[in-house]
Amino acid sequence: MHRSDQPTPHDSAPPHRQALRAIAAFEALKGFAALAASLGFVGLLHHDLHHIVASLIGHIGLMPGDRYPALVLTDIDHLANTNLVPLLLAAAAYVLVRFAEAYGLWKDRWWGEWLGALSGALYIPFELWHFAHHPSLASAAVALANMAVVGFLGQQLWRRRQG
């Protein structure tokens, strides 16, 4: 016998919990994508990047000696002499923040909502600037989706405070 105020094991999660978990899954996906990109970048460091990039430039139909491809190749050559530790530390921090946020949201923790709202809000000015200078459906969708997530997480935090 079940009391009507207690959920049964077959009941689905409340809508706000489903939304939190969807956001958490997306944040975890961003973390895995950043981790994969970082590992791929580190893996490329032990190869002849100039040759790889020159081949890619030729593959897409550009001439490596033309102005912009030559600039890219010059930057690639400078990369070999650059200390990449700060870049790799920043990438590791980004991955850790995404995973921490995903965990906090998945487990319905207040700090996960704060981390999500703050990290999402940081991007809004840049997304709006990008939309203002390069208006497109995609840039509008990204900005609106991020504002919706930040608004939802802010609302969740407000509800926690009121309750």
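Student: What makes the pairing between the side chains of E127 and N146 a polar contact?

Tutor: In this predicted model, the side chain of E127 comes to 3.1 Å from the side chain of N146, and a polar contact requires a pair of N or O atoms within 3.5 Å, so the pair is counted as one.

Student: Where does E127 sit, and which residues does E127 touch beyond those up to four places away in sequence?

Tutor: E127 has its place in helix α5, residues 110-133, and with those sequence neighbours left out it touches V142, A143 and N146.

Student: How do you know that E127 has no salt bridge?

Tutor: The nearest side chain of opposite charge, K30, is 7.5 Å away, while a salt bridge needs the nitrogen and the carboxyl oxygen within 4 Å, so E127, although buried, is left without one.

Student: What makes E27 and R98 a salt bridge, and which parts of the chain does the pair tie together?

Tutor: Their closest N and O atoms are 2.9 Å apart, and the cut-off is 4 Å, so the pair qualifies as a salt bridge. E27 lies in helix α1 (residues 15-44) and R98 in helix α4, so the bridge ties together parts that are 71 residues apart in sequence.

Student: Why are E27 and R98 called buried or exposed?

Tutor: Buried means under 20% relative accessible area; E27 has 6% and R98 has 3%, so both are called buried.

Student: Which salt bridge does R98 form with a residue of helix α4?

Tutor: R98 also meets E101 in a salt bridge, 2.4 Å from N to O, and these two residues lie three apart in helix α4, which is about one turn of the helix.

Student: How do you know whether R160, the salt-bridge partner of E113, is buried, exposed or partly exposed?

Tutor: The relative accessible area of R160 is 35%, and partly exposed covers the values between 20% and 50%, so R160 is partly exposed. E113, by contrast, counts as buried at 1%, and the closest N and O atoms of the two residues are 2.8 Å apart. R17 and D108 are linked with E113 and R160 in a network of salt bridges.

Student: What makes Y103 eligible for the nonpolar patch on the surface?

Tutor: A patch residue needs over 30% relative accessible area and no salt bridge; Y103, at 45%, is partly exposed, so Y103 passes the area cut-off. Y103, W110, W111, W114 and L118 together have about 580 Å² of accessible area.

Note on methods. Residues are numbered from 1 along each chain as its sequence is written. This is a predicted model: local features need pLDDT of at least 70, side-chain atom pairs count only at pLDDT 80 or more; totals for chains, interfaces and linings use all residues. Side-chain values use heavy atoms; hydrogens and water are left out. Buried means under 20% relative accessible area, exposed over 50%, partly exposed in between (1.4 Å probe, protein chains only). Lys and Arg count as positive and Asp and Glu as negative; His and the chain ends are not counted. A polar contact is a pair of N or O atoms within 3.5 Å; within protein, one must be able to donate a hydrogen and the other to accept it, and residues adjacent in sequence count only if both atoms are side-chain atoms. Contact means heavy atoms within 4.5 Å. Patches are made of residues with over 30% relative accessible area and no salt bridge: like charges are joined within 9 Å, nonpolar side chains (Val, Leu, Ile, Met, Phe, Trp, Tyr) within 5 Å. Accessible areas come from the Shrake-Rupley method with a 1.4 Å probe; for residues, only the protein chains shown count as cover.
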